[in-house]
Amino acid sequence: MTPDESPTEKKGQPGIVSAALSGLCPRCHAPYLFAAPAALADECSACGLDIRALERGGRFVGVVTMLLALVLIMAALAVDEWLRPPLWASLVFWGPVTVGSVIGGLRLYKTMWVYHQYEERSE
Ligand SMILES: [Zn+2]
């Protein structure tokens with residue numbers, strides 16, 4: 001994992017997707033944004049940015065998780081109707097897909113939220 005140094009990004013900011021994947025701090029770009037796969041750290045270990053304060057107001061996290069779960073259940077039902085796979089195949093496939101999508105979705109959502117809050121405050 002290398003930092004995104006593409007010249008097309010504005011003002012040297014890493015892309016939001018790579019920031020979410022590597023958990024980059026919006027101020028110093030150190031990889032300390034997340035303390036757990038889908039949980040933000042309280043503050044950046046490198047520059048001391050108060051991440052918890054930036055997270056405040058991000059109370060749509062529950063809604064995002066539910067929407068993701070709903071989409072996945074609909075997709076699971078559609079695949080089930082279409083291919084009629086054995087139960088074990090469904091579990092083997094949808095278990096990791098569900099966990100991965102929820103963690104990925106939450107990371108992306110929280111990263112976008114924190115970056116948005118950070119940019120709003122620095123203006
Ligand atoms: Zn930092």
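Me: What makes a residue buried or exposed here?
Reply: Count the other C-beta atoms within 10 Å of a residue's own. With 20 or more, the residue is buried; with 12 or fewer, it is exposed. The range in between is called partly exposed.

Me: What share of the residues of the protein counts as buried?
Reply: Keep in mind that this is a predicted model. The protein has 123 residues. The share that counts as buried is 16%.

Me: In what order do the elements of the protein run from the N terminus on?
Reply: The secondary structure comes to four helices and two strands. A helix is written α and a strand β. From the N terminus on, the order is α-β-β-α-α-α.

Me: Which helix gives the most to the largest nonpolar core?
Reply: This core has 14 residues, and C25, L33, C44, I51 and V114 touch the most other members. Helix 1 (16-22), helix 2 (51-55) and helix 4 (87-122) each supply at least two residues. The one that gives the most, with three residues, is helix 4.

Me: Which residues is C25 in contact with, leaving aside its neighbours within four places in sequence?
Reply: C25 is among the core residues that touch the most other members. Two of its contacts, L33 and C44, are in that group as well. The full list is A30, Y32, L33, C44, A46, C47 and L49.

Me: Which elements do the buried residues of helix 4 pack against?
Reply: Start with the buried residues themselves: G105, L106, R107, K110, T111, W113, V114 and Y115. V114 also belongs to the largest nonpolar core. The buried residues of helix 4 pack against helix 1, strand 1, strand 2 (39-40), helix 2 and helix 3.

Me: How far apart are the end C-alpha atoms of helix 4?
Reply: Helix 4 has 36 residues. At 1.5 Å a residue, helix 4 should span 52 Å. The model agrees with this, as the end C-alpha atoms are apart by 51 Å.

Me: Where in helix 4 does the kink of about 25 degrees lie?
Reply: Look for the proline P96 in helix 4. The kink comes shortly before P96. It lies at W94.

Me: How many of the 23 residues of helix 3 are buried?
Reply: Helix 3 covers residues 61-83. Its end C-alpha atoms are 33 Å apart, which agrees with the expected span of 33 Å. Helix 3 lies largely in the open, because the number of its residues that are buried is zero.

Me: What separates the C-alpha atoms of G62 and L106?
Reply: G62 is found in helix 3. G62 is exposed, because it has 8 other C-beta atoms within 10 Å. L106 is one of the buried residues of helix 4. The two are 44 residues apart along the chain, yet their C-alpha atoms are separated by 9.4 Å.

Me: Is H29 buried, exposed or partly exposed, and what is its class?
Reply: H29 lies in the loop between helix 1 and strand 1 (34-36). H29 has a positive phi of about 65 degrees although it is not a glycine. With 19 C-beta neighbours inside 10 Å, H29 falls short of the 20 needed to be buried. So its class is partly exposed.

Me: What is the phi of R84?
Reply: R84 is found in the loop between helix 3 and helix 4. R84 is exposed, because it has 8 other C-beta atoms within 10 Å. Although R84 is not a glycine, its phi is positive, at about 50 degrees.

Definitions and conventions:
Residues are numbered from 1 along each chain as its sequence is written. This is a predicted model: local features need pLDDT of at least 70, side-chain atom pairs count only at pLDDT 80 or more; totals for chains, interfaces and linings use all residues. A nonpolar core is a set of buried Ala, Val, Leu, Ile, Met, Phe, Trp, Tyr and Cys residues joined through C-beta atoms within 7 Å. Two residues are in contact if their C-beta atoms, placed from the backbone, lie within 7 Å. The expected span of a helix is 1.5 Å times one less than its number of residues. The bend at a residue is the angle between axes fitted to the seven residues ending there and the seven starting there.
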